[in-house]
Amino acid sequence: MEFPPHVLKYAPWSISKAGVIERCSLRFDMKYGPSKVKEPEIEDDAARVGTAVHAALEYTLQGEVVRKAMQYAAERAGLTSVEEEKLHGFKDQVARFTERMERMRKKFGVADSMIYIERKWSFNTEFKKSDYWDKKTLFRGSVDYGVVTRENDLIIMDHKSGKEKDIATYEPQLRSYCIMALTNLPNIRGVQTAINFIQTDNLVWNKWVSAETIEKEYKPWLVDHLTASCKGLLSEPTPSPGWWCDWCGYKPTCPSHTGVSRGSQDAE
Ligand code: SF4
């Protein structure tokens, strides 16, 4: 299993970074290319509230009471009073998920030392555990919540605060979690992933996969996935407009939206 040079050149990867090059090579070039420019932030209060809900869950899953967790999360995210109101709209979901996780930990015999909250994991080109910040790291990501059961299976939950979608939409991300899990916890028997759709309070489970499946199917899949996603790196950066432009911080200066070509912008 070998990663092609154009993939290695822009490592470390994550599924969201691969999504950028897959959709638009111009955005990728501006964000990660040789003359990168920091991507301007988009005003998005839903995303800011979503980040705060993540933080609130992080605190409650570590044992904090819900009221204080919401307060700390609002402070950490620097929410406005209107955004804080929206955050409080998630209070019951945060409480219910936390209680559910407590019950699950008891049911599956999860030891305190086997709980991973907002855990950063990474691996190198040989699919070996690596330092998250090491330049030789190939892939990295952060797991919202993971527990290892008494049967030695890892359960990974990812929180989503936006609209509920089919779990198949998240398959690349969930597969990448499975690979990160096995490279960082090589003795696990298998992995089961799930999405916690916070708005609808719906925990949607994915199928359990064995360590063998991750080894034999998911690792080669990642090589193919990154290679296919990175096709745009083999030619000149080009704008590719689509629904994703609404989430692109470069939109105000993008030739596809301003009608001004990139060359003439550079010349100014
Ligand atoms: S606005 Fe759209 S087309 Fe332009 S750089 Fe961003 S993603 Fe690409």
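Two residues are in contact here if their C-beta atoms, placed from the backbone, lie within 7 Å. Keep that rule in mind for the helices below. The model itself is predicted.

Start with helix H3, residues 25–32. H3 is mostly covered, with six of its eight residues buried. Those six are Ser-25, Leu-26, Arg-27, Phe-28, Asp-29 and Met-30. What do they pack against? The buried residues of H3 pack against helix H2, residues 15–23.

Just before H2 comes a loop. The loop between helix H1 (5–9) and H2 holds Pro-12. A cis peptide bond joins Ala-11 and Pro-12, with omega at about 5°. In general, most peptide bonds are trans.

H3 also leads to the ligand. How many residues surround the ligand? There are 14 in the shell. The closest are Cys-24, Pro-239, Cys-245, Cys-248 and Cys-254. H3 supplies at least two residues of this shell, and so does helix H10 (255–258). Sorted by class, the shell has nine nonpolar, three polar and two charged residues.

Now turn to the sheet. Strands of a sheet pair through backbone hydrogen bonds, either parallel or antiparallel. This sheet is open and has five strands, in the order E1-E2-E3-E4-E5, with mixed pairing. Which strands are at the edges? They are E1 (115–123) and E5, and each pairs on one side only. From one strand to the next, the twist averages 35°.

Look at two of the pairings. Strand E3 (residues 153–160) and E4 run parallel, joined by eight bridges. Here Asp-153 stands opposite Gly-190 in E4. Strand E4 (residues 190–197) and strand E5 (residues 202–210) run antiparallel, joined by seven bridges. In this pair, Ile-195 stands opposite Val-204 in E5. E4 and E5 form a hairpin with four residues between the strands. Within that hairpin, Asp-201 takes a positive phi near 60°.

Other loops of the sheet hold positive phi values too. As a rule, most residues other than glycine have a negative phi. Phe-127 departs from this pattern, with phi near 55°. Find Phe-127 in the loop between E1 and E2. Is Phe-127 buried or exposed? Phe-127 counts as buried because it has 21 C-beta neighbours inside 10 Å, and the cut-off for buried is 20 or more. Asn-152 is not a glycine either, yet it has a positive phi of about 75°. Asn-152 lies in the loop between E2 and E3. Asn-152 is partly exposed because 13 other C-beta atoms lie within 10 Å; a residue with 12 or fewer would be exposed.

Helices pack on the sheet. Helix H4 (residues 45–61) touches E1, strand E2 (139–148) and E3. The direction of H4 makes about 115° with that of E1. Helix H9 (residues 211–229) lies across E4 and E5. H9 runs at about 80° to E5.

Next, look at how one helix meets another. Two packed helices are described by the angle between their axes and the distance between the axes. Take helix H5 (residues 66–77) and helix H6 (residues 81–88). How do their axes cross? The axes come within 10 Å and cross at roughly 145°. The crossing is right-handed. On the H5 side, the residues that meet H6 are Met-70, Ala-73 and Ala-74. On the H6 side, they are Glu-84, Leu-87 and His-88. The residues of this contact divide into four nonpolar, one polar and one charged.

Finish with Phe-97, in helix H7 (residues 91–107). Why does Phe-97 count as buried? It does so because it has 21 C-beta neighbours inside 10 Å, against a cut-off of 20 or more. Leaving out residues up to four places away in sequence, Phe-97 touches Leu-57 and Asn-196. Leu-57 falls within H4, residues 45–61, and Asn-196 falls within E4, residues 190–197. Compare Phe-97 with Ala-73, one of the H5 residues that meet H6. Phe-97 and Ala-73 are 24 residues apart in sequence and 16 Å apart in space, C-alpha to C-alpha.

Note on methods
Residues are numbered from 1 along each chain as its sequence is written. This is a predicted model: local features need pLDDT of at least 70, side-chain atom pairs count only at pLDDT 80 or more; totals for chains, interfaces and linings use all residues. Two strands pair if DSSP finds at least two bridges between them. Axes are lines fitted to C-alpha atoms, for helices over the stretch in contact, and angles run from 0 to 180 degrees between N-to-C directions. A crossing is left-handed if the near helix is turned anticlockwise from the far one by less than a right angle, and right-handed if clockwise. Ala, Val, Leu, Ile, Met, Phe, Trp, Tyr, Cys and Pro count as nonpolar, Asp, Glu, Lys and Arg as charged, and the others, Gly among them, as polar. A residue is near a molecule or strand if its C-beta atom, placed from the backbone, lies within 6 Å of it.
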